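Reader: Please show me the model, and then let me ask how its descriptive terms are justified.

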Amino acid sequence: AVSQRHAARSVRSVVATGCARWPWWPQHRALGRGGGPVERRRLGRVGAVNEQIERSLVLVKPDGYRRGLSGEVLRRIEAKGYTLVALAVTTPTGEQLATHYAEHEGKPFYEPLVEFMSSGPVTAAVIEGHGCIAGFRALAGATDPTAALPGTIRGDLGRDWGLKVQQNIVHGSDSPESAAREIAIWFPELG
């Protein structure tokens, strides 16, 4: 067993000198006798830290809403450490969907996709956090639920239903530019 005195000295050493191995270490703290904080001063950061907070649009699509999966999707988002900034349950309008899927207009799956997305309510959310765009897409899993890994939303909760349109439970923005455009469509008050 490591003595408390030795542990406090080791921690004090890391705090004072910084440690590239643990760049997240709270370097604004110095430990005194008994291991308690006695002084707060900024010693500077070691290592690169991503300071950019992103926002992303997340939709629980009509299939997920119909199956009662909105709560599970939101639970996973919050368990990942992202913040819910806005939340709404709405039935998308044709205008919203035409704007949202404008890049796919003219493709063979466009009409069935718009028909599917307007078939019932969706849960729309804006999430926020460091790297939340890539983080949510990893959490969602591969677009094809059959190929999605276990542990992902689509891997655990989705499956191929043999329909014209892949009903894969969730949508997440794929870039900061898409996120800004999509948030303005679904939550104009945040745009």
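**The sheet and a helix beside it**

Author: An open sheet of four strands, a strand being a DSSP run of E over at least two residues numbered from the N terminus, has the order β4-β5-β3-β6 with antiparallel pairing. This is a predicted model, in which local features need pLDDT of at least 70 and side-chain atom pairs count only at pLDDT 80 or more, while totals for chains, interfaces and linings use all residues. Residues are numbered from 1 along each chain as its sequence is written, and side-chain values use heavy atoms, with hydrogens and water left out.

Reader: What makes β4 and β6 edge strands?

Author: β4 (83–90) and β6 each pair on one side only, where pairing requires that DSSP find at least two bridges between two strands.

Reader: How do you know that β3 and β6 pair?

Author: Three bridges join the antiparallel strands β3 and β6, and the definition asks for at least two, so they count as paired. In β6, His-171 is the bridge partner of Leu-59.

Reader: Why are the buried residues of α6 said to line one face?

Author: Helix α6 (residues 132–140) has the buried residues Cys-132, Ile-133, Gly-135, Phe-136, Leu-139 and Ala-140, buried meaning under 20% relative accessible area, exposed over 50% and partly exposed in between, with a 1.4 Å probe and protein chains only. Seen down the axis of α6, they fall within an arc of 165 degrees, so they line one face of the helix; the arc is that of the directions from the helix axis to the C-beta atoms. The face turned away from this buried side carries the exposed residues Ala-134 and Ala-138.
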